[in-house]
Amino acid sequence: MWRFKSSKLARSVNPDHNLRPSLRMRKVVWGAVQSLGAGAFSEKQLPLSGPPTQTGAMEEELKCPVCGSLFKDPILLPCSHNVCLGCARNITVQTPEGETPVQSRASGSSDYDYLDMDKMSLYSETDSGYGSYTPCQLKSPNGVRVFPPAIPHRQCTLTCPLCHRSVSLDERGLRGFPRNRLLEAIVARYQQTRGASSSSSNAVKCQLCDRNPVDAAVMCEQCDVYYCNACQQRCHPSRGPLAKHRLVPPPNKAAGAGASGGGGGQQPPATARKPATCVDHEAENFSMYCSSCKAPVCMKCLEEGKHAKHDVKPLAVMWKQHKCQISQALNGVSDKAKDAKEFLVQLKNMLQQIQENGVEFEACLVAQCDSLIEALTRQKAKLLTKVTKEKEYKLKVVRDQITHCTMKLRQTTGMMEYCLEVLKENDPSGFLQISDALIKRVTSSQDQWVKGALEPKVGPDFDLTLNTDSLLQTILQLDFCQGKVEPRPSVPPAPLLQLEKCCTRNNSATLAWRVAMPTINPIEGYILELDDGNGGQYREVYVGKETVCTVDGLHFNSSYNARVKAYNSIGVGPYSKTVMLKTSDVAWFTFDPTSAHRDIVLTNDNQTVSCNSYDDRVVLGTAAFSKGIHYWEVSIDRYDNHPDPAFGIARINTMKDMMLGKDDKAWAMYVDNNRSWFMHNNSHTNRAEGGITKGSTVGVLLDLTKRTLTFYINKEQHGPTAFENLDGVFVPAVSLNRNVQVTLVTGLEVPKNIKQ
């Protein structure tokens, strides 16, 4: 294992995230990136150099920090940075045993935050899996132990060119660093894509020819410039400081050569990469992941006890978990990137407005000054100068802001595209080698879009007013009056519903909105309205200053229309456009710890319930039903001494310290190991043979369309319809004592062939 040498050792969530998160989020983020691809960086919109391509911004992620070229045989350093294998050989330094290599910046402050690494003891053999080796001892014929003579040892160290942190090489040398096969595959795919696009275009021209540029003969990978033969000899000679630059044929020539030599230009089929093998045991594939060492391991590593006290988990589980984390972080970054794109459009429109307003203001100023005849002539030039300076200042501020935002957006988009390419890979071990670093990068990238970063620093209007009513003797002191005529107060405009942030979960709906434009009178609050789910009357569900609201207790399998309006001191503004939200078809819920009896014990994310008392105690579910058909089951995990647990529905204010069904606010079936009864208001009816044991399931079917309640045991209807003429709001309920433990199962389809 590697040893670092340094002066310091080393937050409402979408409800569908727990269902195939990486696939779902990948679609969301990829859609955002597609919308920010070539269209986001077109020549008409952004002043970027070179042709706009979807992968152009990602190229910087694929270049070695040492040679400046695309990675070739990249290896992964312990600091999560990459270098080419050949470059690593060139920057490896040998020092005598006991000496410490020079630390250029590692001993002081660094551009990178290594707090997480400082929390680990990088010198601990138990934590890192690094073991010491003691040479075998020899014995002389007389039994005296003989130690081998000390051999001078030279220590090899390698310093990361980005973070300047040094690492000592063990006896394996550079072979001890894992090969970043994931990055290697992405580079190969990128080169193939770039070659294909270049071969389909016209011949690349020399970029240094003054007139009538000819076809380029070579391209310098470090300078990223195309040269013809004459310009290459004149501007880029193969001697001096440019001798080490790598000159390659232009992409169109390289592609043409490959096509002529490869049979009609067809590229060879891609071969599947072999599974990753352990560095210490080359015959073993990675199957586990050590969270302590943050590295994949094989079974032999575990058998040898190197990770005996470490937190070791299955490789596939950690692979999916880290993919989910990157996808979640990318989701937030993609929103910021979309906002940045809209902000750039706003800034460019502002440029035109400033130009138009400046021209208009200048014309008006000239007319006013000319009307004052000779007395205004000398002052006119000064006033024009002030207007011009104000205009140039605004233009400069906006242009600087565009340049700065464009650079940050390009960096963010390049990182997003690179992360998406990483997410496409199906190599768990290779992914996990770089996932932690990518998660940190994505999170820090999101943090750079701080509040105010996407707001213009100046406005398009000129806050200047010329007073033409001054007396002639004051003409020489004529100057601008700061401020402008305030517009008439008005009600706020209609808010804009942010559809990408509006969603539903179970029988809850979350809506988000924003202000369309700034208002003269500040907005005091918003009014959110929903209909009844059947296209009926709207009703107010929220009044306040927040711009995000979650509405609970809606009907399942229903479509709701929502709208919002704003109000201020002048009055209430118009409604926004209407958005439709559909609640879940089936109910997903858990037991409710807030309303449960104090003797109730909930585990397994409130899905499993037990009791500390020998008396029956009641626990309710988190969902409430007043419409539709709903079915859920309860599995019997433990059943001792033949108790009588009860299952059914109840009002929210039912008694919690007695068996379910003994008051008039609950409808239940209680059952033992041989028989069962229906009970409501302490009235027992319809005894039925057949009970429950450990492993049995009890199903509850609540049909509020027919207003009936039916029970099932082990998928079979148990007895006739238990209760009829049910009306109102009901919640799932269970009562049990300490001899029973059950687990709730929800989101099930409604059974068919119901007996009456």
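**Figure 1. Arg638 of strand 28 stands opposite Gln741 in strand 37.** The model shown here and in the other views is predicted. Strand 28 covers residues 629–639, and its pairing with strand 37 is antiparallel, with 6 bridges. Strand 37, made of residues 740–745, also pairs with strand 26, residues 608–611. That second pairing is antiparallel too and has 2 bridges. Within it, Thr608 has Thr743 of strand 37 as its bridge partner.

**Figure 2. An open sheet is built from 6 strands.** The strands follow the order 27-36-29-30-31-32, and their pairing is antiparallel. Which strands stand at the edges? They are strand 27 (617–620) and strand 32 (683–689). Each of these has a single partner strand, so one side of each is left without a neighbour in the sheet. From one strand to the next, the twist averages 20 degrees.

**Figure 3. Strands 30 and 31 pair within this sheet.** Strand 30 holds residues 666–671 and strand 31 holds residues 675–680. They run in the antiparallel sense and are joined over 5 bridges. Tyr670 stands opposite Trp677 of strand 31.

**Figure 4. Two asparagines, Asn682 and Asn714, have a positive phi.** Most residues other than glycine have a negative phi. For Asn682 the value is about 65 degrees, although this residue is not a glycine. Asn682 sits in the loop that links strand 31 to strand 32. Is Asn682 buried or partly exposed? Its relative accessible area is 43%, so Asn682 is partly exposed. For Asn714, phi is near 55 degrees. The loop that holds Asn714 lies between strand 34 (708–713) and strand 35 (716–717). With a relative accessible area of 40%, Asn714 is also partly exposed.

**Figure 5. Helix 11 has a kink centred on Ser435.** The kink is about 45 degrees. Helix 11 runs over residues 428–447, which makes 20 residues. What span should this helix have at 1.5 Å a residue? The expected figure is 28 Å, and the end C-alpha atoms are 28 Å apart, which agrees.

**Figure 6. The largest nonpolar core has 78 residues.** The residues with the most contacts inside this core are Leu62, Leu330, Tyr418, Val422 and Phe431. Helix 9, residues 315–371, gives the most to the core, with 16 residues. Around Val422, leaving aside neighbours within four places in sequence, the contacts are Leu182, Ile186, Phe431, Ile434 and Leu438. A second core is separate from this one and has 38 residues, among them Phe591, Ala596, Ile692 and Ala722.

**Figure 7. Thr277 lies in the loop between helix 7 and strand 12.** Helix 7 covers 251–261, and strand 12 covers 288–290. The relative accessibility of Thr277 is 36%, so this residue counts as partly exposed. Which residues does Thr277 contact, leaving aside its neighbours within four places in sequence? They are Glu282, Glu284, Asn285 and Phe286. Pro178 is 99 residues from Thr277 along the chain, and the C-alpha atoms of the two are separated by 9.9 Å.

Conventions: Residues numbered from 1 in each chain as written. Predicted model: local features only at pLDDT ≥ 70, side-chain atom pairs only at ≥ 80, totals over all residues. Heavy atoms only, no water. Pairing = 2+ DSSP bridges. Helix = DSSP H or I, 4+ residues; strand = E, 2+ residues; numbered from the N terminus. Axes fitted to C-alpha atoms, helices over the stretch in contact; angles between N-to-C directions. Expected span 1.5 Å × (residues − 1). Bend = angle between axes of the 7 residues up to and from the residue. Buried < 20%, exposed > 50% of the residue type's maximum accessible area, 1.4 Å probe, protein only. Contact = heavy atoms within 4.5 Å. Core = buried A, V, L, I, M, F, W, Y, C linked by side-chain atoms within 4.5 Å.
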